[in-house]
Each structure stands twice: as structure tokens, then as C-alpha cells.
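Reader: I would like to go through this model with you, starting with helix packing and then turning to the cysteines. Could you put the structure up?

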Amino acid sequence: MNATIRSVGAYLPAERVTNDDLAARIDTSDEWIRSHTGIGARHIAGNDETTSEMAVKAALNALENGGVSPDEIDMVIVATSTPDYTGFPSTASIVQDRIGATSCGAFDLGAACTGFVYAMEAGRGLIAGGSFRNVLVIGAEKMSAMLNWEDRSTCVLFGDGAGAVLLTPADDNAGVLSSRLLSDGSGDDALIIRAGGVKMPLRGCSEVSKEDMYIAMDGRRVYNFAVQANTELFKTLLADADIEIDQVKYIVPHQANVKIIKAAAKRARIPLEKFYINIEEYANTSAASIPIALNDLWSRKELNKGDIIMIVGFGAGLTYGGQLIRL
């Protein structure tokens with residue numbers, strides 16, 4: 001049994017912060033941010049707005065769009081690097097309760113910006129096993145809570161939001177055509193939050209600095225890895241499914257940096273028009289970026305039954321992965 005996307009939903013916080021807004025607070029400019037990343041704005045969650053609350057709103061939107069009630073959901077998977085709590089309880093369990101899905105399981109999945117792709121494959125596997133029919137896959141992030149707003153090299157890159165996909169059993173020839181989940185742990189320190197885990201606990205550790213509590217990134221290493229990873233994924237996903245790029249309607253990549261997407265597209269010799277890019281409005285929302293982009297396409301009625309799409313992600317770990325899906 002295969003699985004495919006039945007419906008999509010998303011939620012973006014109301015506060016929209018432009019590059020000019022940031023330039024009024026830190027030493028940067030709209031021109032610099034756009035030229036280096038393609039970002040023009042980002043949405044920022046309120047101080048009292050949690051990852052689970054954003055995930056709930058995206059989930060309910062997806063369920064409404066799919067005509068499925070919460071009590072029909074068999075599993076809730078939340079991909080996030082910014083959970084409400086460290087370790088436990090899972091953000092997914094909170095979401096499961098808040099949406100009224102009273103007869104299902106729930107768990108979080110952590111693979112950073114690749115988390116949504118990993119969660120999609122986990123959901124597909126549950127459905128393929130035959131015991132689950134409706135799996136809610138959510139990517140939700142409050143990245144603003146993990147940023148050092150004095151570090152102009154990172155704080156301009158990220159935004160907050162959530163996206164959700166309802167996976168159900170596929171009919172006909174629909175479903176996941178190929179999938180790859182990969183990791184290169186040798187790059188574990190290229191994109192990292194050093195403090196907060198057991199290696200550097202916040203409590204009782206004299207070595208913790210302010211910088212250790214926020215995202216730190218080696219931009220050049222991440223860029224080089226991302227271009228190579230995306231190029232590899234484009235080729236292997238198509239080859240595994242024996243599909244030509246002309247048959248793919250859209251490639252929906254993780255929205256981290258438009259220069260990464262353009263470089264990978266050029267290296268793989270894929271027309272940029274094949275890629276759906278919305279980073280200008282939302283910035284990098286980590287595990288939420290792909291489902292938010294899918295919701296944009298769905299809302300504009302640019303995706304139809306039978307279309308083939310590719311999703312690809314990369315992130316801290318360093319993880320990367322993708323799926324080729326026939327809707």
C-alpha cells in the first residue's frame with residue numbers, strides 16, 4: 001500500500017518583519033539580505049505563541065481542507081527543532097490533544113530542516129504497513145526563539161510558522177515514487193545550538209555563554225553541503241523512479257537560501273522554473289518551509305491529481321533527504 005497527500009494546511013504568525021525593520025535594529029540592509037539570501041521578510045511569533053499552537057492551527061487547516069475529522073486521525077507526527085518542551089512531553093502529544101484527535105498516537109521527529117521530509121517518509125511507512133490510514137505530518141518551528149538577535153549573520157535568515165500535510169492511502173498509480181533519507185554526521189558542528197542538551201546543560205554548567213544558547217552556523221560549509229546534497233537528491237530520486245525531469249511539475253525545496261537553490265539547479269541542469277520558491281516572504285522556517293510552500297501551491301490550485309512533485313530538504317546533522325510523489 002502506498003500513501004499520498006490528501007490535503008495541506010499552514011499557519012503564519014501575524015507579525016511580519018521586513019528587512020528594513022531589521023535594518024533599523026542591527027547593522028544590515030535590505031539590499032545585503034536580498035542579494036545574499038533572497039529573503040525580503042519573515043513572520044515572527046508572539047512571545048506567548050508556542051510551536052504547538054502554530055502546529056494546531058496548521059493541522060486544523062489541513063483537516064478542514066481534506067474533509068477529515070480529528071477523530072479519524074491515526075497518528076500525529078510533528079517535525080520540529082523548537083519543541084514546546086525539551087525532551088518531554090512531545091509537541092505532537094500537545095497537538096493531538098488540542099485538535100481533538102482522541103484515538104491516535106503522536107510523536108516528535110527531529111532532523112532539523114530536513115525534519116518534514118523524514119516525517120513524510122515515516123508517515124508513508126506507517127500507511128504502507130497497513131495499520132494506519134490517516135497520518136497528519138506537521139512541520140512547525142519558532143526559530144525566532146533560538147536566534148541571537150545581535151548576530152546579523154544568522155538572525156536575518158529565519159522565520160516562524162507551521163505547515164501540515166494529511167497523508168492517506170493512495171489509489172491508482174499515486175503515491176511516493178521514490179524516497180531518500182541521508183545524513184553526514186561529520187558536519188555536526190556546522191549548524192548547531194551548543195547549549196541545552198546533556199553535553200552542555202543550561203543548569204550548573206559554568207562554560208555556557210550567551211552565544212552557546214542560540215543558533216551558530218558555518219555558512220560556507222552549510223552552503224557547499226546543501227548544493228551538493230540537493231544536486232545528488234535531484235538525480236537519485238528521478239533515477240530511482242525512472243522519471244524524467246520533464247514529468248515533474250514542481251520541485252519544492254527547503255527554503256534556506258535562494259542562492260543554494262539556483263546553484264543546485266544549475267549544477268543539475270534543471271530549469272529554475274521547475275522550482276517553487278517563496279523564501280522572499282517567509283525566510284527559512286526550517287522543518288515548516290516545505291509544507292508552507294506546498295500550501296501556497298495548493299491554495300493557488302496549482303497542483304492537481306496526477307501531478308508529480310519532488311520535495312527535498314537539508315539541514316543540521318547534517319541531514320538531507322527527499323521524496324518524489326505522484327498526487
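Reader: At what angle do helix H3 and helix H4 pack, and how far apart are their axes?

Author: Please note that this is a predicted model. Helix H3, residues 51-66, and helix H4, residues 91-99, pack at an angle of about 50 degrees, and their axes are 9 Å apart. H3 and H4 are therefore oblique to each other.

Reader: Is the crossing of H3 and H4 left-handed or right-handed?

Author: The crossing of H3 and H4 is right-handed.

Reader: Which residues meet there?

Author: From H3, the residues are Thr-51, Ser-52, Ala-55, Val-56, Ala-59, Leu-60 and Leu-63. They meet Thr-91, Ile-94, Val-95, Arg-98 and Ile-99 in H4.

Reader: Moving on to H6: how many residues does it have, and what is its reach?

Author: Helix H6 covers residues 219-241, which is 23 residues. From its first C-alpha to its last it reaches 33 Å, close to the 33 Å expected at 1.5 Å a residue.

Reader: What phi does Asp-242 take, just after H6?

Author: Asp-242 takes a positive phi of about 55 degrees.

Reader: And at what angle does H6 pack with H7?

Author: H6 and helix H7, residues 258-268, pack at an angle of about 45 degrees, with their axes 9 Å apart. That angle makes H6 oblique to H7. H6 passes H7 in a right-handed crossing. The H6 side of the contact is made by Tyr-223, Ala-226, Val-227, Gln-228, Asn-230, Thr-231 and Phe-234. On the H7 side are Lys-259, Ile-260, Ala-263, Ala-264, Ala-265, Arg-267 and Ala-268.

Reader: Take Thr-231: buried or exposed?

Author: Thr-231, which lies in helix H6, is buried, with a relative accessible area of 6%. Leaving out residues up to four places away in sequence, Thr-231 touches Ala-264, Arg-267 and Ala-268.

Reader: Now the cysteines. How many disulfides are there?

Author: The count comes to zero disulfides.

Reader: Why is there no bond for Cys-155?

Author: The closest cysteine sulfur to that of Cys-155 is in Cys-113, and it is 16 Å away, so it is too far for a bond. The cut-off for a disulfide is a pair of cysteine sulfur atoms within 2.5 Å.

Reader: Is Cys-155 buried or exposed? And which does Cys-104 count as?

Author: Cys-155 is buried, at a relative accessible area of 0%. Cys-104 counts as buried because its relative accessibility is 18%, and buried means under 20%.

Key: Residues are numbered from 1 along each chain as its sequence is written. This is a predicted model: local features need pLDDT of at least 70, side-chain atom pairs count only at pLDDT 80 or more; totals for chains, interfaces and linings use all residues. Side-chain values use heavy atoms; hydrogens and water are left out. Buried means under 20% relative accessible area, exposed over 50%, partly exposed in between (1.4 Å probe, protein chains only). Helices (H or I, at least four residues) and strands (E, at least two) are DSSP runs, numbered from the N terminus. The expected span of a helix is 1.5 Å times one less than its number of residues. Axes are lines fitted to C-alpha atoms, for helices over the stretch in contact, and angles run from 0 to 180 degrees between N-to-C directions. Angles under 35 degrees count as roughly parallel, over 145 as roughly antiparallel, 65 to 115 as roughly perpendicular and the rest as oblique. A crossing is left-handed if the near helix is turned anticlockwise from the far one by less than a right angle, and right-handed if clockwise. Contact means heavy atoms within 4.5 Å.
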